[in-house]
Each structure stands twice: as structure tokens, then as C-alpha cells.
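Reader: I'd like to zoom in on one part of this protein rather than get the full tour. Pick a buried spot, tell me what sits around it, and follow the contacts outwards from there.

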Amino acid sequence: MLPVLENIATIESVMDVIDQPMFLLDVVGENAFIFRRLNRCHLTATGLNDNIMNGKAPHEVLPPRLADTVVSNYEKCRASGTAYSYEENLELPNGTRWWQTSLSPVKDASGDVVKIIGLAIDITDRKEKYFDASQKLSEMTKLNENLQVFAASTAQDMRGPFQTMVALLDMVMDGFVDLGDEKMDQLMLCSEIATDAISNMGGILQVAQGLQVDGGVVEQTDLHHVASDIAAILDPHHRLSIDLPRTQMETDRVALQMVMRNVMENATRYADSRVAVTAANGKAGFVDITVSDDGVGQSLDRRSDGSLVLPDVMDEEGDFGLKSARAMVHSRGGCFAQTQCLFPTGASIRFSLPGKFMPVGAEGKRPLQALRGLRLQDPQQALSRNFGVTHHS
């Protein structure tokens with residue numbers, strides 16, 4: 001069972017002995033929440049000030065776009081009346097960190113959600129390892145592609161001369177009279193060696209083609225959530241109007257997060273007032289995502305500072321973030337290209353990743369055990385008695 005209202009006073013009294021960031025919200029209404037309490041571990045981890053936060057709504061104490069993103073998450077928990085867990089990337093006083101946050105609704109006797117308990121785990125180190133592994137995957141894929149090209153060209157270059165040699169030997173042996181000095185045996189041995197060499201060329205090519213690198217993990221991903229977190233970091237004070245699709249998909253989430261960060265950062269850097277993210281079906285088994293901005297450029301291909309909208313791979317100058325993003329996409333078999341801009345001026349970059357869209361409302365509803373596994377600074381505290389709280393199993 002989820003926490004009930006009668007347990008709140010007990011939970012609140014021992015929040016500071018929980019060695020995990022924890023917060024408590026009062027639910028005022030739809031999209032309306034008040035920070036009731038942040039525990040000591042939360043304040044230490046984030047650098048937030050409880051004197052400033054407590055009793056305030058998110059939009060009173062956080063940058064506007066960051067407030068938008070956290071309120072959107074709280075509202076999902078309130079509206080559904082069920083536990084909700086998600087990843088988020090937040091820029092807070094102690095720096096930009098990745099969090100795995102779990103929200104548990106607290107209902108009154110009539111079944112209305114009146115409070116929300118939040119627990120957060122800092123997963124920054126884990127995410128950085130995922131990003132590093134994903135980058136290495138891209139590099140390995142590129143090396144594999146280079147190996148395949150090298151093997152194919154080498155096999156082709158070598159196969160021709162050996163095939164010519166076999167043909168010439170066949171011509172020589174046709175009607176050849178052996179005078180007992182074993183020359184025919186020697187010619188036949190040469191022919192066998194050349195034929196084996198041709199076969200080995202094909203084997204080398206097959207081995208190289210078999211060195212495929214598996215792609216990343218495909219998992220359910222909320223594109224709006226991913227893009228909202230990035231927008232909150234890149235444009236915390238709503239300088240820009242940023243349009244985001246509300247789209248659920250199954251794709252390589254880590255690759256999507258890395259590519260979206262680079263492409264959206266590029267767009268917000270040059271945008272005059274607007275950025276738009278759109279999503280559509282791509283080629284079979286792929287989804288296309290386009291990021292557009294209304295920045296004024298010198299031409300269709302060049303930005304106002306003279307840099308290419310989409311830097312060439314071999315350019316020593318340009319946006320290396322885009323080059324990294326392109327390598328990430330290409331390593332997964334996708335396309336990364338400039339496309340027709342949605343705005344009268346500006347630029348659009350479209351990329352594709354393996355995946356598919358999910359029906360509206362198909363968000364996963366895994367049962368959460370948000371209050372399990374909490375670590376205590378003092379194991380003798382009342383939490384060891386479970387606060388009298390029951391859990392949903």
C-alpha cells in the first residue's frame with residue numbers, strides 16, 4: 001500500500017534521519033504544489049535552502065523552466081493517483097546532476113491526493129558511465145566499419161590478381177605434356193594455392209562483416225521529458241519559446257539524451273526567439289526527430305558567425321558537439337542531416353534513431369516501492385519500525 005495521510009506526521013518527524021534526499025509536497029490543486037519539507041540529505045545534496053523553499057510553490061523559488069518541468073512531474077503523480085518514477089537532469093546550486101526520482105501520492109479519506117512524498121537518488125556517476133560506454137560504442141562501430149571497408153577493398157584488390165593467375169595456370173596446363181620432371185604437379189600446386197587464397201579473401205570479408213557491434217538498450221522513453229530537462233538547463237529563464245512534442249517512444253534512451261543535448265544546445269545558442277522539436281516516423285524501424293531554430297544566418301548553410309549549420313566531419317573548426325552527435329546517430333544506423341527549416345529564417349537538423357512510437361497513454365505503470373530500501377543515519381530511529389506505513393507490492 002502507498003503511504004496514508006495518518007502516517008505523514010510520523011514520516012515528517014524522521015525525515016532528517018533518512019540518508020537519502022527526500023521531500024514532501026502539499027497538493028493545492030491541479031498543477032499547484034507547495035514545498036512542505038526537504039530533508040537534511042536533500043538540502044546537502046542539492047544546495048537548496050529550506051528557509052527559502054519551505055512553504056513556497058516551485059515557480060516562486062526555481063527558475064521558470066525548471067519549475068515547469070518539476071510541476072509537470074508532480075502533476076503526473078497527482079492526476080494518476082499512483083506512484084511515478086523518472087530520471088531527471090537538474091541544474092541546482094550544487095551543480096547539474098542526474099536524479100532518479102520516485103513520487104508517492106498520499107490520499108485523504110475521500111481518495112483525493114493531498115500530499116506527495118518524493119525520494120531522489122543521485123545517478124550522475126551511473127549516467128556518465130552510460131554516456132561514456134555509448135560513446136565508446138560509437139567509436140567501436142566506426143572502427144568496425146573502417147575494418148569492413150579495408151577488408152573489402154583488400155579482398156577485392158587481391159582477388160583479381162589471384163583469379164588471373166588461376167586462369168593463366170589453367171591455360172598453361174591445358175595440353176601440357178609432362179616429361180617426367182613433375183612440372184605438372186608444380187603447376188597444379190600453384191593453382192591450388194591461388195584458389196585457396198581466393199577462398200581466404202572471402203573468409204576475411206565474412207569475418208569482418210561478422211564483427212558487428214550491438215546497439216544500445218532500447219527502452220520506453222518520454223521525449224517530452226528528455227527535452228524538457230534539457231530546455232530547463234539551456235534556457236532556465238524562458239528567454240525562448242520552445243515547442244516540444246508529447247511523445248512516448250521505445251528507443252535507445254542514452255543515445256537520445258546525448259544527441260538531443262548537443263542538437264538543442266546548438267539550436268538555443270543561435271535562436272532568436274523560438275526553438276521547436278518535432279518527431280515523426282522515419283524509415284522502417286526508425287524515428288525521426290527534428291530540432292529547428294529561428295536564428296538568422298549568412299545563408300542556408302551558414303550561421304550568423306560564419307560557422308556551418310552542419311559542420312563537415314573533417315572540419316577543424318565548427319561545433320564538435322554536432323560532430324559527436326552525428327557519430328552517435330550513424331553508429332546506430334541512423335541519419336543526421338540539415339533539413340528544411342520550420343521558420344522563415346534559421347536552421348533545422350533532423351536525426352533518426354532506431355525505435356518506434358507508442359500509443360498515447362501507453363506510459364509504463366510499473367509498481368514503485370519508493371519507501372523501500374531507505375538508509376538510516378541511525379538505524380535505531382523510528383523508521384526501522386516502518387513508520388506504520390504499508391507498501392504497495
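Author: Let's start at tyrosine 74, which is buried at 5% relative accessibility (buried means under 20% relative accessible area, exposed over 50%, and partly exposed in between, using a 1.4 Å probe and protein chains only). Before going on: this is a predicted model, where local features need pLDDT of at least 70 and side-chain atom pairs count only at pLDDT 80 or more, while totals for chains, interfaces and linings use all residues. Residues are numbered from 1 along each chain as its sequence is written, and side-chain values use heavy atoms, with hydrogens and water left out.

What does tyrosine 74 have for company? Ring pairs link it with Phe23 and Phe33 into a cluster. Rings of Phe, Tyr and Trp (the six-membered ring for Trp) pair if their centres lie within 6.5 Å; planes under 30 degrees apart are stacked, over 60 edge-to-face, and the rest tilted. There are 4 aromatic pairs in the structure. One of them is phenylalanine 23 with tyrosine 74, a tilted pair with centres 5.9 Å apart and 50° between the planes. Phenylalanine 23 sits in strand 1 (residues 22-29) and tyrosine 74 in helix 5, so this pair ties together parts 51 residues apart in sequence. Helices (H or I, at least four residues) and strands (E, at least two) are DSSP runs, numbered from the N terminus. Phenylalanine 23 is buried as well, at a relative accessible area of 5%.

Another pair is phenylalanine 336 with phenylalanine 351, and this one is stacked: 6.5 Å centre to centre, with 25° between the planes. Phenylalanine 336 belongs to strand 11 (residues 336-339) and phenylalanine 351 to strand 12 (residues 347-357), so here the parts tied together are 15 residues apart in sequence. Both partners are tucked away: phenylalanine 336 is buried at 6% relative accessibility, and phenylalanine 351 is buried at 1%.

Phenylalanine 351 also takes us to methionine 260, a residue of helix 9 (residues 253-270). Methionine 260 is buried, with a relative accessible area of 0%. Not counting residues up to four places away in sequence, methionine 260 touches Leu223, Ala227, Ile230, Glu265, Val277, Ile289, Val291 and Phe351, where contact means heavy atoms within 4.5 Å. Take Val291 from that list: its C-alpha atom is 8.5 Å from that of methionine 260, although the two are 31 residues apart along the chain.

Back to the helix that carries tyrosine 74. Helix 5 (residues 64-80) packs against helix 8 (residues 223-234) at an angle of about 150°, with the axes 8 Å apart. That makes the two helices roughly antiparallel. The axes are lines fitted to C-alpha atoms, for helices over the stretch in contact, and angles run from 0 to 180 degrees between N-to-C directions; under 35 degrees is roughly parallel, over 145 roughly antiparallel, 65 to 115 roughly perpendicular, and the rest oblique. On the helix 5 side, Arg65, Leu66, Thr69 and Asn73 make the contact, and they meet His225, Ser228, Asp229, Ala231 and Ala232 of helix 8. Sorted by type, the residues of this contact come to 3 nonpolar, 4 polar and 2 charged. For that sorting, Ala, Val, Leu, Ile, Met, Phe, Trp, Tyr, Cys and Pro are nonpolar, Asp, Glu, Lys and Arg are charged, and the others, Gly among them, are polar.

Two backbone details are worth a glance. Most residues other than glycine have a negative phi. Histidine 238, in the loop between helix 8 and strand 7 (241-243), has a positive phi of about 60°. This histidine is partly exposed, at 36% relative accessibility. Asparagine 31, in the loop between strand 1 and strand 2 (32-38), also has a positive phi, near 60°. Asparagine 31 is partly exposed too, with a relative accessible area of 42%.

To put all that in context, the chain has 10 helices and 12 strands, and 45% of its 393 residues count as buried. Among contacts between residues at least 6 apart in sequence, 63% join residues at least 24 apart.
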